[in-house]
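Here is a chain to look over, along with some questions a newcomer might ask. Take a look at it before reading on.

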Amino acid sequence: MTPIVDRAALLLRPLRDARPPLLAALVALLLVQAALPAAAALTTAALVARVQSHPGADMFGAALAPLAAFGVVLPFGHILEALTAPLEELTYARVNGAHRARIVRLTTLSPTI
């Protein structure tokens, strides 16, 4: 293995203690959360394009769909943040607890300090 792969494996090894379902959920939420700024930019661009292409009295009707999409994207980002924080805490607690258990096991097995 290359040194980079070895280092990455060493860094990722403690995540085994967090269990795959929790990690999968956390990674999925973080990936969707990373895509939200692009979604907000696209909905804003669609809104601006619609407003510019429909001058006059029908501007509200033309802007309604992109405005509704933008109104969905923003709260969705806040919801994802609210869901991600507890999962991050749970992951941290599991990894930290397993590490502390290994340290305790190592210290209790030796006859002296």
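**Getting to know the chain**

Q: How much area does the chain expose, and what do carbon and sulfur atoms supply?
A: The chain exposes about 8,400 Å², and 73% of that comes from carbon and sulfur atoms. Keep in mind that this is a predicted model.

Q: What makes up the secondary structure of the chain?
A: There are three helices and zero strands. Going along the sequence, you read the pattern α-α-α.

Q: Why is the chain called more spread out than a compact globule?
A: Set two values side by side: the globule rule gives 13 Å for 113 residues, but the radius of gyration here is 24 Å. That is well over the rule, so the chain counts as more spread out than a compact globule. As for the box that the C-alpha atoms fill, it is roughly 85 × 35 × 20 Å along the principal axes.

Q: What share of the residues count as buried?
A: Out of 113 residues, 17% do.

Q: Why is threonine 84 called buried?
A: The cut-off for buried is under 20% relative accessible area. Threonine 84 comes in at 3%, so it is buried. This residue sits in helix H3, where it touches Leu26, Leu29, Leu30 and Gln33, leaving aside residues up to four places away in sequence.

Q: Which residues does leucine 29 touch, not counting residues up to four places away in sequence?
A: Leucine 29 touches Leu80, Leu83, Thr84 and Leu87.

Q: What makes up the largest nonpolar core?
A: Ten residues do: Ala18, Leu22, Leu26, Leu29, Leu36, Ala40, Val73, Leu80, Leu87 and Val95. Helix H2 (20-53) and helix H3 (59-109) each supply at least two of them, and H2 gives the most, with five residues.

Q: How do you know that arginine 102 and aspartate 17 form a salt bridge?
A: The nitrogen and the carboxyl oxygen have to be within 4 Å. Here the closest N and O atoms are 3.1 Å apart, so the pair qualifies. Arginine 102 lies in helix H3 and aspartate 17 in the loop between helix H1 (3-12) and H2, so the pair ties together parts that are 85 residues apart in sequence. The structure holds one salt bridge.

Q: Why is arginine 102 called partly exposed?
A: Partly exposed falls between the buried limit of 20% and the exposed limit of 50%. Arginine 102 has a relative accessible area of 33%, so it lands in between.

How values were computed
Residues are numbered from 1 along each chain as its sequence is written. This is a predicted model: local features need pLDDT of at least 70, side-chain atom pairs count only at pLDDT 80 or more; totals for chains, interfaces and linings use all residues. Side-chain values use heavy atoms; hydrogens and water are left out. A nonpolar core is a set of buried Ala, Val, Leu, Ile, Met, Phe, Trp, Tyr and Cys residues joined through side-chain atoms within 4.5 Å. Buried means under 20% relative accessible area, exposed over 50%, partly exposed in between (1.4 Å probe, protein chains only). Helices (H or I, at least four residues) and strands (E, at least two) are DSSP runs, numbered from the N terminus. Contact means heavy atoms within 4.5 Å. A salt bridge is a side-chain nitrogen of Lys or Arg within 4 Å of a carboxyl oxygen of Asp or Glu. The radius of gyration is taken over C-alpha atoms; the globule rule is 2.2 Å times the number of residues to the power 0.38. Accessible areas come from the Shrake-Rupley method with a 1.4 Å probe; for residues, only the protein chains shown count as cover.
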